[in-house]
Each structure stands twice: as C-alpha cells, then as structure tokens.
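Student: Could you walk me through this structure? I have not looked at it before.

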Amino acid sequence: MTTSATVRVELGARSYDILVGDGLLAEAGALMAPVLARPRVIVVTDETVAKLHLPGLEPSLSKAGIAFRKIVLPPGERTKDFAHLQGVVEGLLEADVDRQTTLIALGGGVVGDLAGFAAAIVLRGIDFVQIPTTLLAQVDSSVGGKTGIDTRHGKNLAGAIHQPKLVLADVAVLETLPRREILAGYAEVVKYGLIRDPQFFAWCDENGLKVRDGDRAARIEAVAASCRAKAQIVAADEREWGERALLNFGHTFAHALEAETGYSDELLHGEAVAIGMIMAFDLSRSLGICPADDALRVRRHFEKIGLPTVPPLGRGRKWSAASLIAHMRHDKKAREGQLRFILTRGIGQAVIRADVDMRSVGDVLQRAVAA
Ligand SMILES: NC(=O)c1ccc[n+]([C@@H]2O[C@H](COP(=O)([O-])OP(=O)(O)OC[C@H]3O[C@@H](n4cnc5c(N)ncnc54)[C@H](O)[C@@H]3O)[C@@H](O)[C@H]2O)c1
C-alpha cells in the first residue's frame, strides 16, 4: 500500500484529511480507526460496487477489529431520491445505529451524496467516512461536504452540508471503472486547471492520456491536485456565497443539457460538464473577454482525450437552443434572480458574471447544436 498524498481540508473543528494512494482499500480499517468514535460502522454502497469492492474492504475492517453491517442500494442516479433516503435511514435505525456509529459511504457520487445526507439527518447527525470509487467522486463529490438527493423539481434540491471525518481515495479501485466513467471524471479534473491553475492545465495536457489509460502514479497526481484545489476553495467558502461558485464552471450549460436528457445515461454529468466548459469558453471568446487561442487549446485537449465538445446525437435526439435556455431559467441557481454564468478570461482565469446577455448565450447554444 502506498499513501502518496494527504490533503487537509481546513475547516476548524470540522477539518479532515483526504488520503490518496494505491491500495488504500485493503488498509481502510486501520486508516479509519483513529477517526471512529467506536469500532462500529455501517457501510452503504451500491450493488455494482458491493460485488467488486466490498470483498476488498471487509477483511480490512475485521483485521482492525471494526464491527460492520452493510446496506446495499441499486446503482444509478435514480437511487438518489426520497424513497431510498428513507430506506437508508430506516436501515440504519434497524441496525441499531447510535451516535458513536460511523457510516461508510463506499461508491460513486450517488452513494456519497445519499449516504452523506442520511448521516446528516439520522439521530440529528452521525459521523461518516467517504470511500469514493469513481474518478468523479474522488476528485469532486466526496470532498466539501455537499450531500443530498434529487426531487421531482430538480437535481440536488434537498440536502445538507455535512463534512466527512475522512476521505480515502484509492486509485486501484478505478481499474474496474468503465472508460466512459473515467472520462466523465476527468472532465472535473481538468476543470480545476481551467478555473484557476494554468500550470495544472498544462500538466493535464501533458499527462491526461496517462490518467485516462490507467497509469496509477498519474492518477494519484491528478486526484491529489484536484482535491487540493477543491479543499482550498471549500476552506475559503464552505457554503458557496462566493468563490466556491467557480467550481460550477460549465455547469449552467451542463445542467440544461442533463435536464434535456432527463439525467439519464444518455449523457453523464461529467460529459455534460465537458460540453458546458467548451460552451463557456465559446461564450467568453464571443464576448471578447477570452483569447481565441485559449478556447482552441482547450477544445484540442478535449478532442485528444476523447471528451465530447458538442451535445451528442444518437437515440434520435434533436437538440434545441430554445429548450436549453428554458431549462437554464429553471435551474436552482437562477431561483434567486438573475442567471449567473462562470465565464473565463483565459485558461485558469474563471470569473462569475450575472450580467450576461441571453442572446449571446443563445448564439453559443445554436452554434453547438448545429455543429
Ligand atoms: N456532492 C457534491 O459536491 C457533488 C459534486 C459532483 C457531483 N455530485 C453528484 O455525483 C453523482 C454522480 O457521481 P458518479 O459519476 O460517481 O456516479 P455514480 O455514483 O452513479 O457511479 C457511476 C456508475 O459507476 C458504478 N461504479 C462506481 N464505482 C465503480 C468502480 N470502481 N468500478 C465499476 N463501477 C463502479 C456505479 O455503480 C454507477 O453505476 C451525481 O448525483 C451528482 O449530482 C455531487
């Protein structure tokens, strides 16, 4: 086992470590023991991850003398709803959860968000540890404490900020992740370079193919750098009043694309974010605030890695700029009034703007759907 990086999320009494390494799952019991109030945990996971990675986790819990029970959910975004939240909370109560029991979220962002929310509300809050098993969850959703579920009014509309006690990001578990999911997670990796770290973007341009293709050292580097970037932003702005919103780069467009495809596997979140970031560069370029060369460099990088740059056709899908704009107006972030866009002055220089002319947005969408 190699723990190659430890990233600290500084939040006063709620600070915690993110351990990034190769083979952490097999040592997870010993690694989490210091943060457990009692050696007793309940593991929440999904069926796919249970089959692939519970056998790697369970012996390490036994070896560390940690008693455990498990709750296994169906995989997929549809699980992130009130019905499954109720199931998990009741499952925890049936397992005789007490204030000293720790919940372990073993899985992708769906398990992390749902289980984290259950941990936030059962007995008015118990501790939890994140063991993210997708690249997206390792670089984004397991860090920062946002937990929640989707409702029929939209995604992530009910939830809580509840920080984990520890995050264990083991790049070895990514071996079993389908390539499409790796690419979707990679979009969130490169996002950190695009929003405020041109050097990290240059690193991605040089090493992105290695990250995609399974080089463990490159994956550790990418996950650790992403966690460092997110940890800094979260420490400065935990509740997203300001800078944390930069993490939503590309997301106003992405959420509209996902709403159009009904949050189905027709378009994964990371794929939508990739397309959204290209749109954000195109919008910034057309507003004259971003050099055309930077927009082109980003597009070329995405093409090299195999990330989508325009909304994909297939399944008889017809995209319309007007209906994407309608989705944007319904987005959660628009509820407080003016739609906010994260634009860019160039690679590594994202800025928040609430004064964007919707006709320019329409033009960008029109170009993308016609491409
Ligand atoms: N809380 C946050 O800050 C935050 C940030 C970004 C995204 N999210 C949320 O994250 C969710 C998406 O997360 P995701 O992309 O991880 O999706 P996911 O959890 O649905 O995982 C994707 C698929 O991969 C499978 N899987 C997981 N680990 C695997 C492994 N190691 N090997 C093989 N298969 C594996 C899962 O069973 C699932 O079918 C969305 O609900 C999104 O809203 C939350």
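Tutor: We can begin with the chain as a whole and then turn to some of its helices.
This is a predicted model, in which local features need pLDDT of at least 70 and side-chain atom pairs count only at pLDDT 80 or more, while totals for chains, interfaces and linings use all residues. Residues are numbered from 1 along each chain as its sequence is written, and side-chain values use heavy atoms, with hydrogens and water left out.

Student: How many helices and strands does the chain have?

Tutor: The chain has 13 helices and 11 strands, which are DSSP runs numbered from the N terminus (helices are H or I with at least four residues, strands E with at least two).

Student: And how much of the chain is buried?

Tutor: Of the 371 residues, 57% count as buried, meaning under 20% relative accessible area with a 1.4 Å probe, protein chains only.

Student: What about helix H9, which residues are buried there?

Tutor: In H9, residues 251-260, 8 of the 10 residues are buried, and these are His 251, Thr 252, Phe 253, Ala 254, His 255, Ala 256, Leu 257 and Glu 258.

Student: What do they pack against?

Tutor: The buried residues of H9 pack against H6, helix H10 (269-286), helix H12 (321-330), strand S10 (341-344) and helix H13 (358-370), where contact means heavy atoms within 4.5 Å.

Student: What follows H9?

Tutor: H9 is followed by Gly 262, which has a positive phi near 65°.

Note on methods:
Buried means under 20% relative accessible area, exposed over 50%, partly exposed in between (1.4 Å probe, protein chains only).
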